[in-house]
Structure formats: C-alpha cells, structure tokens
Amino acid sequence: MILSVQRKSIEPGIAVLEMNGRIAMGSDSQTIEWGLAELIKENHKRVIFDLTQVTFLDSSGVGILMMCHAKLKKAGGALHIAGAQGMVNETLEITSLNNIVNCYATAAEAARGF
C-alpha cells in the first residue's frame, strides 16, 4: 500500500486524518477522498490533514488536497494541513497550495488555528 490513512479526533469537533506514505496518482489516494466524504457526512466542519508521515506528494496528490479543501469549504467547514516537511512542504509552496489552505507545523497548532 502506498498510503494509509488513520482517523483521529482532537478537541471537541476537530477531526484529524493522519496519513502515512505517498500521496500520488493511484487508487490508494482515493482513501483521502473517502475519509473526507465520511467526515462531511457526519457533519464535521473542522478537519486537519496530518502529513507528518507523508514522504511524497505529486501533482495528483495536490489536486486531491485542493479538491478536499473545496468540498469541505462548500460544506461550511475548513481544512488545515499539519506537519508537511521536506519535499512535501516544498510541493505545497511551489504550487501555492499553502496560500489557499492554512498550513501548520503540528496538528496541535492546526487545531489552535481554527
């Protein structure tokens, strides 16, 4: 498996999707979309994508993150990204996704940012 996604909760009303591996083209990345769809269905409005353990992010991965941001915003919520480092952080900066979605060093900082 290229990517694993684990769901957690912090503070009342904040859902976290912790990702481990590579966010790249392929069916594994659909796990992110499905996880977010489930959270929206459960009426979660504040979501953090924790990318601390993500080692690779390609253009289709950027597209998935952007689509998730748009879907959550349309549902009246907000997405924060936490823990992006190295190549993943550089990709967020090069694509300017970090100017669209609030990015934080840790999930705790991202939670405080809501």
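This passage describes helix α1 of a predicted model and two residues with positive phi.

In this predicted model, local features require a pLDDT of at least 70 and side-chain atom pairs count only at pLDDT 80 or more, whereas totals for chains, interfaces and linings use all residues. Residues are numbered from 1 along each chain as its sequence is written, and side-chain values use heavy atoms, with hydrogens and water left out.

Helices (DSSP runs of H or I, at least four residues) and strands (runs of E, at least two) are numbered from the N terminus. Helix α1 comprises twelve residues, 30-41. At 1.5 Å a residue, counted for one less than the number of residues, α1 should span 16 Å, which agrees with the 16 Å between its end C-alpha atoms. Its buried residues (under 20% relative accessible area, 1.4 Å probe, protein chains only) are Ile32, Gly35, Leu36 and Leu39. These residues cover an arc of only 95° around the axis, taken from the directions to the C-beta atoms, and therefore lie on the same side of α1. Their cover, defined by contact (heavy atoms within 4.5 Å), includes β1 (3-10), β2 (14-23), β3 (46-57) and α2 (59-74). The face turned away from the buried side carries Trp34 and Lys41, both exposed (over 50%; values in between count as partly exposed).

Positive phi values occur at two residues other than glycine. Just after α1, Asn43 has a phi of about 70°; Asn43 belongs to the loop between α1 and β3 and is exposed, at 53% relative accessible area. Ser96, with a phi of about 65°, is located in the loop between α3 (86-94) and β5 (102-104). Ser96 is partly exposed, its relative accessible area being 32%.
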